[in-house]
Amino acid sequence: MRLDRFLWFARLAKTRERAQAIACDGHLRIDGRVIDRAHAPVRVGNILTFALHGEVRVLRVESLPARRGPAPEARACYQELIVATGANVSQAARSD
């Protein structure tokens, strides 16, 4: 499945155009490889790492969605591995 379609179907991007922008800006990684194209293939088991809305998201692809369905169906397509927000990072720095 194309990366931009996965991001849109999994409701990680509000529009397909925004999903293409996320994929093409060069800040997204699939299994550690920098991706700069929307048509990069996504497969079950891939690890996606990218910044979205001021936080770093690390996701494992659990299944490939067949459509852009409701949010619970979309969330079942991936598993959050790490969520690091700016507040969490600054709090961690203060505790050290």
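**Charged pairs, sheet and core in a predicted model**

Arg 16 has a relative accessibility of 30%, so this residue counts as partly exposed. The value, like every other one reported here, comes from a predicted model. Arg 16 makes a convenient starting point, as its side chain takes part in a salt bridge with Asp 4, with 3.2 Å between the closest N and O atoms. This pair ties together distant parts of the chain: Asp 4 belongs to helix H1 and Arg 16 to helix H2, twelve residues apart. Asp 4 also forms a salt bridge with Arg 2, and here the closest N and O atoms are 2.9 Å apart. Arg 2, Asp 4 and Arg 16 are thus linked in a network of salt bridges.

The members of this network can be told apart by their accessibility. Asp 4 counts as buried because its relative accessibility is 0%, and the cut-off for buried is under 20%. Arg 2, at 34%, counts as partly exposed. In general terms, side chains of opposite charge can pair when their charged atoms come close. The model holds five salt bridges by the rule applied. Another of them joins the side chains of Arg 60 and Glu 62, with an N to O distance of 2.9 Å. Arg 60 is partly exposed, with a relative accessible area of 30%, and Glu 62 is partly exposed as well, with a value of 36%.

Attention now turns to the strands. E3 and E4 run antiparallel and are joined by six bridges. Together they form a hairpin with two residues between them, and His 53 in the turn has a positive phi of about 55°. Within this pairing, Leu 48 has Leu 59 of E4 as its bridge partner, while Ala 51 is partnered by Val 56 of E4. E3 also pairs with E1: two bridges join these strands, which run antiparallel. Here Ile 30 stands opposite Leu 48 of E3.

The side chains along E3 follow an alternating pattern. Leu 48, Phe 50 and Leu 52 point to one face and are buried, whereas Ile 47, Thr 49 and Ala 51 point to the other face and are not buried. Such alternation between the two faces of the sheet is what a regular strand shows.

Phe 50 leads on to the largest nonpolar core, which has 22 residues. The members that touch the most others are Leu 3, Phe 6, Leu 7, Leu 12, Leu 28, Ile 30 and Phe 50. Two or more core residues come from each of helix H1 (3-9), helix H2 (16-24), strand E1 (28-30), E3 and strand E4 (55-61). Leu 7 offers a closer view: beyond its neighbours within four places in sequence, its contacts are Leu 12, Ala 13, Ala 19, Ile 22, Leu 28 and Phe 50. As a general tendency, nonpolar side chains are buried together in soluble globular proteins.

A polar residue completes the picture. Asn 46 lies in the loop between strand E2 (33-35) and strand E3 (47-52). Its relative accessibility is 10%, so Asn 46 counts as buried. The side chain of Asn 46 makes a polar contact of 2.7 Å with that of Asp 31. With residues up to four places away in sequence left out, Asn 46 touches Ile 30, Asp 31, Pro 41, Leu 59, Arg 60 and Val 61. Several of these have already appeared above: Ile 30 faces Leu 48 in E3, Leu 59 is the bridge partner of Leu 48, and Arg 60 forms the salt bridge with Glu 62.

Terms used: Residues numbered from 1 in each chain as written. Predicted model: local features only at pLDDT ≥ 70, side-chain atom pairs only at ≥ 80, totals over all residues. Heavy atoms only, no water. Helix = DSSP H or I, 4+ residues; strand = E, 2+ residues; numbered from the N terminus. Buried < 20%, exposed > 50% of the residue type's maximum accessible area, 1.4 Å probe, protein only. Polar contact = N/O pair within 3.5 Å; in protein donor to acceptor, adjacent residues only side chain to side chain. Contact = heavy atoms within 4.5 Å. Core = buried A, V, L, I, M, F, W, Y, C linked by side-chain atoms within 4.5 Å. Pairing = 2+ DSSP bridges. Salt bridge = Lys/Arg side-chain N within 4 Å of Asp/Glu carboxyl O.
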